[in-house]
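Let's take a walk through this structure together, a stop at a time. Keep the viewer open and follow along.

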Amino acid sequence: MATYLEFIQQNEERDGVRFSWNVWPSSRLEATRMVVPLACLLTPLKERPDLPPVQYEPVLCSRPTCKAVLNPLCQVDYRAKLWACNFCFQRNQFPPAYGGISEVNQPAELMPQFSTIEYVIQRGAQSPLIFLYVVDTCLEEDDLQALKESLQMSLSLLPPDALVGLITFGRMVQVHELSCEGISKSYVFRGTKDLTAKQIQDMLGLTKPAMPMQQARPAQPQEHPFASSRFLQPVHKIDMNLTDLLGELQRDPWPVTQGKRPLRSTGVALSIAVGLLEGTFPNTGARIMLFTGGPPTQGPGMVVGDELKIPIRSWHDIEKDNARFMKKATKHYEMLANRTAANGHCIDIYACALDQTGLLEMKCCANLTGGYMVMGDSFNTSLFKQTFQRIFTKDFNGDFRMAFGATLDVKTSRELKIAGAIGPCVSLNVKGPCVSENELGVGGTSQWKICGLDPTSTLGIYFEVVNQFMFHLRRSPFLQVFNNSPDESSYYRHHFARQDLTQSLIMIQPILYSYSFHGPPEPVLLDSSSILADRILLMDTFFQIVIYLGETIAQWRKAGYQDMPEYENFKHLLQAPLDDAQEILQARFPMPRYINTEHGGSQARFLLSKVNPSQTHNNLYAWGQETGAPILTDDVSLQVFMDHLKKLAVSSAC
Amino acid sequence: MSQQGYVATPPYSQPQPGIGLSPPHYGHYGDPSHTASPTGMMKPAGPLGATATRGMLPPGPPPPGPHQFGQNGAHATGHPPQRFPGPPPVNNVASSHAPYQPSAQSSYPGPISTSSVTQLGSQLSAMQINSYGSGMAPPSQGPPGPLSATSLQTPPRPPQPSILQPGSQVLPPPPTTLNGPGASPLPLPMYRPDGLSGPPPPNAQYQPPPLPGQTLGAGYPPQQAANSGPQMAGAQLSYPGGFPGGPAQMAGPPQPQKKLDPDSIPSPIQVIENDRASRGGQVYATNTRGQIPPLVTTDCMIQDQGNASPRFIRCTTYCFPCTSDMAKQAQIPLAAVIKPFATIPSNESPLYLVNHGESGPVRCNRCKAYMCPFMQFIEGGRRYQCGFCNCVNDVPPFYFQHLDHIGRRLDHYEKPELSLGSYEYVATLDYCRKSKPPNPPAFIFMIDVSYSNIKNGLVKLICEELKTMLEKIPKEEQEETSAIRVGFITYNKVLHFFNVKSNLAQPQMMVVTDVGEVFVPLLDGFLVNYQESQSVIHNLLDQIPDMFADSNENETVFAPVIQAGMEALKILFQPQTNVYDSLAKDCVAHGCSVTLFLFPSQYVDVASLGLVPQLTGGTLYKYNNFQMHLDRQQFLNDLRNDIEKKIGFDAIMRVRTSTGFRATDFFGGILMNNTTDVEMAAIDCDKAVTVEFKHDDKLSEDSGALIQCAVLYTTISGQRRLRIHNLGLNCSSQLADLYKSCETDALINFFAKSAFKAVLHQPLKVIREILVNQTAHMLACYRKNCASPSAASQLILPDSMKVLPVYMNCLLKNCVLLSRPEISTDERAYQRQLVMTMGVADSQLFFYPQLLPIHTLDVKSTMLPAAVRCSESRLSEEGIFLLANGLHMFLWLGVSSPPELIQGIFNVPSFAHINTDMTLLPEVGNPYSQQLRMIMGIIQQKRPYSMKLTIVKQREQPEMVFRQFLVEDKGLYGGSSYVDFLCCVHKEICQLLN
């Protein structure tokens, strides 16, 4: 087992692949009995610092329907300079450049250690990345200020040749022209009127004038970039301008009367952003970054009306079919998401507000295009600020940890068929013999388009489950909507669908570490019995990092023992979980909510809601003992769940 | 070369003035039609025939010269020297003519009028001009020629169709002559009034046209010019001089007999001068009901003593007929021309402001008339009887005052509303929209930044100008700065709004491309206080011309874009009346007045576009084919004047009358949603509303007819006020009283507005007939009922209407009422709109321009030279004349203008050196120059539109345009001469009397 585990980990480490079963069922019958489907989690861009750059193009199988890439598993006839495709068994001649190939002189792609390899393709002009900021101005002054600062800061993080653009919205939508000196110029659109891509492009003057052909003018290839450059400019040229422009951004000036929400035209703003890129830079790497501080309240894509007395839809409303705008809005954003995906662009959503912002309706924008979704309480929090900053981090090569316009092509040998993929992708509708009839996730294809991805983006099909795990999965926000808003559910699911195994496991079953004077930090059961007075607990739920001081520890700290030289060890104890948390915070995207609380603190609820309620007010037998803390809940405990499961397992066997 | 242009023009052969002429060709310059009046004589045989080629380019070589002498076939008397220069035979190419002097000359046919005048003279001499002072005064300034109207023939009428002419039988030229050899094949148009073209008396002296190249000024050798006069005369003068000044060379013996001395028919100039002499410079106190004010052309000081100053209200008659039957009998329109915001000269007292605080103005309970001198206090001052509806009202306690022995309140002279004809009230909240005080007004400048405007520099000009002009936006006198906020929009195919909030480092431009559904994209910073945002605004105005300058560089590349832009503009301003109509109504409903400056180089549908300014009380300005160097000043003057002028916003006017009559029709830049409330989004000091009254019942001579005009409006500082004008008129059951009290200038204003309003729904011909008929009817009624018996052939005019025929004829000849292909629809629509809002003084000048002989200038006197009548016969080739009609100004230079004047005015040595390509006179440090410029300044003063100066040299192309304004002559585009029209009216009257 140990070797097996190592093997699995090694595979994942090397290829970013992890299977639910590591042994193929030998027959179809066996396969049907597996219950847990055969699947793998794939992290296409798993970081591999050790990979050498391969500066040539892959060798493809010559069968037009196959085109598999030459790989270490192919049979090679070095003498005849032939190789056999291991998918279709086509025999292929090596290209002339491989003339010198021999057993001792192998190209990298034939070496076993390069089961994962990255070719650097030299073809085609490099086009600059595009970042289009779509900024809500219906924010509180503090929030807007914080957001403006974050945006200004971000300009310094962009590659100098990246193109940036700015769209602001509130009651109206403004597309800012960035190339003008002396005056700031913007195109203004009504926030209530849905416009087609064509109309948007016409109104922005992006369509080339229909030239009457009277004069056959020499084609002017540079004309196109010129036209579009009014709204999208290289950072190095306009960062001063844009910094000033952002600095002068004012809150939406239209008055909001008492009892109303500000009119926020998110739907139109996004539509214009999509149309702008669609017209000017189709199929190049581009991010539309939507920063919004509240729900869309007018125009296409509105999620809630502007009357404050009518709250935004809840799960309850949705169940009762009482969410007036949801379907229409969802349709609007789906339409936009599909268009964006078709153009190869991606949409990020940064939604910071105390109330819901309509992520439920907008989720597909990020989900289908591989964009990020970040939810926070305010733009003026480190959660947002640092998460946003983290988007622009670079890898060891100094490259952005983001990639665009990926096509994922899965080939299988004849015995296997592809049922589908789950993750930030859209189907490219490539049907082939290896595509299964049955669809799971995005199916019916062997190719998917991933508009935006990063080294942690993981696509997958199914995941391995065990019983205890299932208990927490049932309690997780992925299945359980109780106490979560539709927006929150959409948000959690978005991240769940794109993280690798370890991270998604954390999401389902948070990790709990215990720190005490009794020894080094140790993982403990996610159980109420783990909450003890002389312990410090560190819980990582992926979205939250909670540090919890037990009752005694909290009293000690209050008494100031940590400041006394003789109790330096206490100081260290207090510091240890903080350091560990910091480490997680540094790496995690999006940045988790960081909660530092103690016994009896109001924020302790984050911990209490996650642990297994082995002790509740219902089983008071443990009261008064040093066995943990009772949880005031009616939820069943793991024990009850297991008992029930056992009963079912036995009865179903009959 | 100069001449050829004309020569080549086609129309020569045409007998009919204006027919087929296309103005641009200036072909009609020598239009024989004038000379060749129908009398037939004119159609000189041969030569004319040649001309008959009508021009359009007959290829032939120029015919030989002889034709120049037109024959007066018809006239037995044959005026010897006359030559109707036939149209130059050749219409062809200039080059061919160049050498050909005579032909060239021929192109200047005789002045029209002269010839006809003479003939008419003969006809009319018999008429008696009632009370015309000098009667047939010796021609003081008239043409020397025609002395007496010796032979009074009944009106010689050429076969005249539609128009009435008395005695057509008599005269002339058998039609056949018309068709004489060579006569133009053209049929005479029906309406051609008279065919009289008597041998022109001393006619115009059109001298042979100088040399080729003359028009071009530059190329013209001076010496030639100098000589040209004489030479020509010798060589070919065809026209015996008719000008007062210049008969010298005209050998022509005065034309004898049969002509009506033009000086014998009523002269508007004489009437104006007489009034000036008798009333000018005096104080006119408005203390008497029904007194007739001085003419608009007379300067005097007006003292409000209980009736509104004639500056505010002028009536067609100051004595109303007592009954409607009587009114019908006389057919004199009963109307008032009200200019509620008329400018008051600084030597007269401004309107008093009455403030009754929260109780507001005192008003009659029944008819809601405002307290005014017509209210009669009774019962010791406790009650008052309304002069309008006779209702007896209680005097509000706060307003009580005892009466004196003659029943007048003790505070009579302390309260403006008791003793004055005009005053203002501070309005209470009840008079505000939704009972909220109004916001301060705003000016929004919308600048067309499309390609052509950028290219011709207009945008730059406007932006530069705005910077200084914004300093002068109107403010209340006591205020430091103006309360008016300003905002800026530019547009081409899209709209650009600007945020010029004071705290911005630089202006922000917001583009709205959705022109199908325009909206205002910003709230804050669009309308700002100029002083506060001055630096941002200047920054913006500096940038605007450059901002859109890109299009310049890529003329060809962007041509299609511009095309698209224009298309879009058309969509935006689709010529659908409904669109503008409802737009205008919306504007008025929101108190938004639109003033439009148009710079069209092609048809822009002024009729539709103009609807918005018209209905919203704005102003329409139009500069055809705007050229920066020529039209700049005119435009800037208009722009400045428009912004600085006194104006009231969001106004509602109500005209109340005493019982027995009421206001039934309103004309002006107004919108009426019901029959009584005259709504105006804005009204400025130049806009007048003409109101027509009709009888409801009998009027009593004792109580007279009272009018109260109340205008509720918002001041430039945002205060709501009421401006009240009261006027009392007499009533009489004697027609003679009625006729005595008429004012022709106001009548013409009314006729013009009602006719111009009617053009939208009635055929022009019908409208013209109605005008002629009504004129005849009014005069016939006078003749029948008021004049002492006299011979039927006599034309008798009431003194107050002496000049009605000439003015009416001017109105009939206005291009709005004459649809001619030569005159663009836009121009007609434009003039129509201007006239609709004109006050009496403006309409008087517009229809009868002022013509001043500059060569008679006394440089030591500050007096304007005496005006002369608008007829070509009053010009002389030694003279320099200034003509102004309120829209245009011309400086006409006779070919033999005195060199010292030319030197003095233009600072060039000779006539030939004068560059006519200017719209401003050079500032020469010379008394002539200074005096002339001062005169022009005086004429321009107080006129709402800046007049563009055109320098016209005698016998050069532009003279054609100038001649249109010689309104006593036969019109270039049709319309009869004064004399002919008088004959025509006379005939009508005769018919009516029979």
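What follows is a tour of a few spots in chain A and chain B.

One thing to keep in mind from the start: this is a predicted model. With that said, let's begin with a sheet in chain A.

Look for an open sheet of 5 strands in chain A, with the order 19-18-20-21-22 and mixed pairing. At its edges you'll find strand 19 (519-523) and strand 22 (593-598) of chain A; each has a single partner strand, so one side of each is left without a neighbour in the sheet. As for the twist, neighbouring strands of this sheet are turned by 15° against each other on average, ignoring direction.

Now zoom in on strand 20 of chain A, which covers residues 536-540. How many of its residues are buried? The count is 5 of 5, so to speak of a mostly covered strand is fair. Go through them face by face: A:Ile536, A:Leu538 and A:Asp540 sit on one side, A:Leu537 and A:Met539 sit on the other, and all of these are buried. In other words, both faces of strand 20 of chain A are covered.

Which strands does strand 20 of chain A pair with? On one hand there's strand 18 (residues 511-516) of chain A, joined to strand 20 by 5 bridges and running antiparallel to it. You can pick out individual pairs here: A:Tyr513 is opposite A:Leu538 of strand 20, while A:Ser514 has A:Leu537 as its bridge partner. On the other hand there's strand 21 (residues 544-549) of chain A, again antiparallel to strand 20 and again joined to it by 5 bridges. In that pairing, A:Ile536 faces A:Leu549 of strand 21.

Strands 20 and 21 of chain A also make a hairpin, with 3 residues between them. Check the backbone in the turn: A:Phe542 has a positive phi of about 80°.

Still in chain A, move over to A:Gly285. You'll see this glycine in the loop between helix 7 (266-280) and strand 11 (286-292) of chain A. Is A:Gly285 buried or exposed? Its relative accessibility is 13%, which is under the 20% cut-off, so A:Gly285 counts as buried. Leaving out residues up to four places away in sequence, A:Gly285 touches A:Pro128, A:Leu129, A:Ile130 and A:Phe404. A:Cys88, by contrast, lies 33 Å away from A:Gly285 in space, C-alpha to C-alpha, with the two 197 residues apart in sequence.

Over to chain B, where another open sheet awaits. This one has 3 strands in the order 7-8-9, with antiparallel pairing. Strand 7 (376-378) and strand 9 (392-394) of chain B are the edge strands, each pairing on one side only. From one strand to the next, the twist averages 35°. Strand 8 (residues 383-385) of chain B is joined to strand 9 by 3 bridges, and the two run antiparallel. If you'd like a pair to click on, B:Tyr384 stands opposite B:Asn393 of strand 9.

Our last stop is on the surface of chain B. There, B:Leu864, B:Met934 and B:Ile938 form a nonpolar patch, with about 200 Å² of accessible area together. B:Met934 belongs to helix 28 (residues 927-940) of chain B. At 30% relative accessibility, B:Met934 counts as partly exposed.

Key. Residues numbered from 1 in each chain as written. Chains lettered and ligands numbered in written order. Predicted model: local features only at pLDDT ≥ 70, side-chain atom pairs only at ≥ 80, totals over all residues. Heavy atoms only, no water. Helix = DSSP H or I, 4+ residues; strand = E, 2+ residues; numbered from the N terminus. Buried < 20%, exposed > 50% of the residue type's maximum accessible area, 1.4 Å probe, protein only. Contact = heavy atoms within 4.5 Å. Pairing = 2+ DSSP bridges. Patch = residues over 30% accessible without salt bridge, like charges linked within 9 Å, V, L, I, M, F, W, Y side chains within 5 Å. Areas by Shrake-Rupley, 256 points an atom, 1.4 Å probe, with all protein chains shown as cover. Salt bridge = Lys/Arg side-chain N within 4 Å of Asp/Glu carboxyl O. Axes fitted to C-alpha atoms, helices over the stretch in contact; angles between N-to-C directions.
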